Protein chains: 2
Amino acid sequence: MFDAVTETGYSVNTAAQMLRRNRSGTILVILPDISNPFFSEILSGIENVATHEKLTILIGNTNSEPERFLNILENLRNGRADGALLLNGVAPPVGMLPEHTPMVTISESIAGSPLPHVGTDNEAAAYESTRYLISLGHKSIAHVTGPDGNQLTTDRRSGYAKAMREAGLSDNICEIRGGFEFQNGKEAVSALMRQPTKPTAVFCANDESAMGVIRGLEGAGYNVPRDYSVMGFDNVSFSHIFSPELTTIHQARYEIGVKAMQALLALMGGQETESPIFLPHKIIERSTTLPLTGRKVVPE
Amino acid sequence: MFDAVTETGYSVNTAAQMLRRNRSGTILVILPDISNPFFSEILSGIENVATHEKLTILIGNTNSEPERFLNILENLRNGRADGALLLNGVAPPVGMLPEHTPMVTISESIAGSPLPHVGTDNEAAAYESTRYLISLGHKSIAHVTGPDGNQLTTDRRSGYAKAMREAGLSDNICEIRGGFEFQNGKEAVSALMRQPTKPTAVFCANDESAMGVIRGLEGAGYNVPRDYSVMGFDNVSFSHIFSPELTTIHQARYEIGVKAMQALLALMGGQETESPIFLPHKIIERSTTLPLTGRKVVPE
DNA sequence: CTGAAAGCGCTTACAG
DNA sequence: CTGAAAGCGCTTACAG
């Protein structure tokens, strides 16, 4: 189909090279949803290191479907890829892959997995976010969680609960089941309204759900931040286009991609890697949070 | 590195298969910016057809850099991919690829290129958008354009101008150089303010720039849609989370991906394809446009 | 119908 | 130091 020799010169046949060298020069990046803007900056970091190392990256989109995940992992068995970066929080079935297949988990760690991990310290970040809301004078702070069974959900809930407990606010702990999508946040609002002691602040599992909570609250006749302080998590690019601009936790997504790719390269070179590698996060204070004293009377 | 035989069974060696068959079973998808949500739904359509046909898709992110584009095209020369879907609006340099390399352009067509194209009829969609604003009573309608040298920009400008001319509003044609990013829209506002005959409506090259225009207008003390009707293009998922919800043109992005992949499959099978293939678009009327008569007095 | 052999285009260990 | 040969794991055309 292709002439190896064209006007502009020669190009090695990758298939022959792969066969002879027994490696593909390709890294498999597995993520649950390519349309989620959270991943694109991580991808960008991965790509830049890969390009520099003359490695190709192959993106596998699981769409959160286990069967697709297995299909994608085939690339590791049939030699199309030499190693993988797992962003989907799921470990490959035991025995499916050769032992010592180089793999690194990113962002969502896998509980009990020996795989090296690169990401944000979610528990610490959630702890700090909650403490930040407490420092604004809020005492009744609700947490709209991520999806069940997700490690990010577990870590962020635990950081939230820890901060509440330490501040003597155990009785005010209020976790509302949410999810990572706008709609999940919007739907969480009715549960929020039903709380016996009405919260004055809401810490959400991510930016999308925080935006949903805000729109839901507005739909119920409330104003953010006047009536409720709301905080997101991730600092996706849209969070400052959103109105009001969202207070959130910034994750160093590009650097996470870079470090994870470097860790994988080390593994592929037979070296060890430290784990977990946590990159610094920080609170981005914008317009959806306010000191409690600044609140006006809530319309009833 | 990999044992062909593992506990769960055998997996063919792709490299050997590729070498022997002289094809990779891989499609190269070239796009300028993977983080742009506009592309993700197109990708989803491409992926679904590819999965069904047991083809692998390889994503190449040019980042709008010509050198990266050339690197990515190498995959077509070295046998890593059998054909390509071009979403970046740039033709491969003549002579670089073997003749008859199967390729289809998506979304942004390439002027003068013989490659088959699948997308939206941008001129018609822009024409209809402008006519919609005219039907609301607006006469002074500005157009914030896309980036120079982009075919989408050319097509949308031309549809806008055509509608204005046909409505006898040639004298009111007002094109402001913009771009496809939020910031471009925001920056276009000062030029908008400087127009001798102040526009009452703004048709923007895409949703992001429309959101930028709206925030910019708000920053200048105006209200959308009361003082200005603003319209976007694309109907990205964020356009209904944005406040006020954005009136825009919906493109059938998923279907565009599906049709483009099918067209490429036809080419690879030695068949002909019709071109261009335009998928239906439609106006999504939301909260950023209002009849002119509904306007209040503009604060001066 | 079945099974052994050739050959895809590389890389690398080896002979000269 | 140089150059010819072996072999990676498949597929397929061919011999039996």
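In which sense, and over how many bridges, do strand β7 (residues 117-120) of chain A and β13(A) pair? In this predicted model, the two strands run in the parallel sense and are joined over three bridges. One of the pairings can be followed residue by residue: A:Thr120 has A:Leu279, in β13(A), as its bridge partner.

This pair belongs to an open sheet of six strands in chain A, with the order β4-β3-β5-β6-β7-β13 and parallel pairing. At its edges lie β4 and β13 (277-279) of chain A, each of which pairs on one side only. From one strand to the next, the twist averages 20 degrees. Helix α2(A) packs on this sheet and touches β3 (26-31), β4, β5 (83-86) and β6 (103-106) of chain A. The direction of α2(A) makes about 175 degrees with that of β3(A).

Two loops that follow strands of this sheet deserve a closer look. Most residues other than glycine have a negative phi, and most peptide bonds are trans. A:His100, which is not a glycine, nevertheless has a positive phi of about 65 degrees, and its place is the loop between β5 and β6 of chain A. Is A:His100 buried or exposed? It counts as exposed, because it has 9 C-beta neighbours inside 10 Å and the limit for exposure is 12 or fewer. A:Ser107, in the loop between β6 and β7 of chain A, also shows a positive phi, near 70 degrees. Its surroundings are another matter: A:Ser107 has 26 C-beta neighbours inside 10 Å and therefore counts as buried, the threshold being 20 or more.

Helix α4 of chain A, residues 122-135, offers a simple check on geometry. At 1.5 Å a residue, its 14 residues should span 20 Å, and the end C-alpha atoms are indeed 20 Å apart, so expectation and model agree. Its buried residues are A:Asn122, A:Ala125, A:Ala126, A:Tyr127, A:Ser129, A:Thr130, A:Tyr132 and A:Leu133. As background to such a list, an α-helix has 3.6 residues a turn, so residues three or four places apart point the same way. After α4(A) comes A:Gly137, with a positive phi near 105 degrees.

Chain B brings another open sheet into view, this one of four strands in the order β9-β8-β10-β11, again with parallel pairing. The edge strands β9 (174-176) and β11 (229-231) of chain B each pair on one side only. Neighbouring strands are turned against each other by 20 degrees on average, direction ignored. Within the sheet, β8 (residues 141-144) and β10 (residues 201-204) of chain B run parallel and are joined by four bridges; B:Val144 stands opposite B:Cys204 in β10(B). Helix α4 (residues 122-135) of chain B packs on this sheet, where it touches β8, β10 and β11 of chain B. The direction of this helix makes about 170 degrees with that of β10(B).

Each chain also supplies an example of a cis peptide bond. In chain A, such a bond joins A:Val224 and A:Pro225, with omega about 15 degrees. The proline, A:Pro225, lies in the loop between α7 (207-219) and β11 (229-231) of chain A. In chain B, B:Ser275 and B:Pro276 are joined by a cis peptide bond with omega about -5 degrees. Here B:Pro276 sits in the loop between α8 (253-268) and β13 (277-279) of chain B.

How many residues does each chain bring to the contact between chain A and chain B? Chain A contributes 41 residues and chain B 42 residues. On the side of chain A that touches chain B, at least two residues each come from α1 (14-21), α2 (37-52), β4 (56-61) and α3 (66-77). The largest share, six residues, comes from α2(A), the helix that also packs on the six-stranded sheet. By type, this side of chain A divides into 18 nonpolar, 14 polar and nine charged residues.

The last contact to describe is the one with DNA. Around DNA strand C there are 10 residues, of which A:Asn13, A:Ala16, A:Gln17, A:Arg20 and B:Arg20 come nearest. The elements giving two or more residues to this surface are α1 of chain A and α1 (14-21) of chain B. The largest share, five residues, comes from α1(A), a helix that also supplies residues to the side of chain A touching chain B. The surface near DNA strand C is made up of five nonpolar, two polar and three charged residues.

How values were computed: Residues are numbered from 1 along each chain as its sequence is written. Chains are lettered from A and ligands numbered from 1 in the order in which they are written. This is a predicted model: local features need pLDDT of at least 70, side-chain atom pairs count only at pLDDT 80 or more; totals for chains, interfaces and linings use all residues. Two residues are in contact if their C-beta atoms, placed from the backbone, lie within 7 Å. Ala, Val, Leu, Ile, Met, Phe, Trp, Tyr, Cys and Pro count as nonpolar, Asp, Glu, Lys and Arg as charged, and the others, Gly among them, as polar. The expected span of a helix is 1.5 Å times one less than its number of residues. A residue is near a molecule or strand if its C-beta atom, placed from the backbone, lies within 6 Å of it. Two strands pair if DSSP finds at least two bridges between them. Axes are lines fitted to C-alpha atoms, for helices over the stretch in contact, and angles run from 0 to 180 degrees between N-to-C directions.
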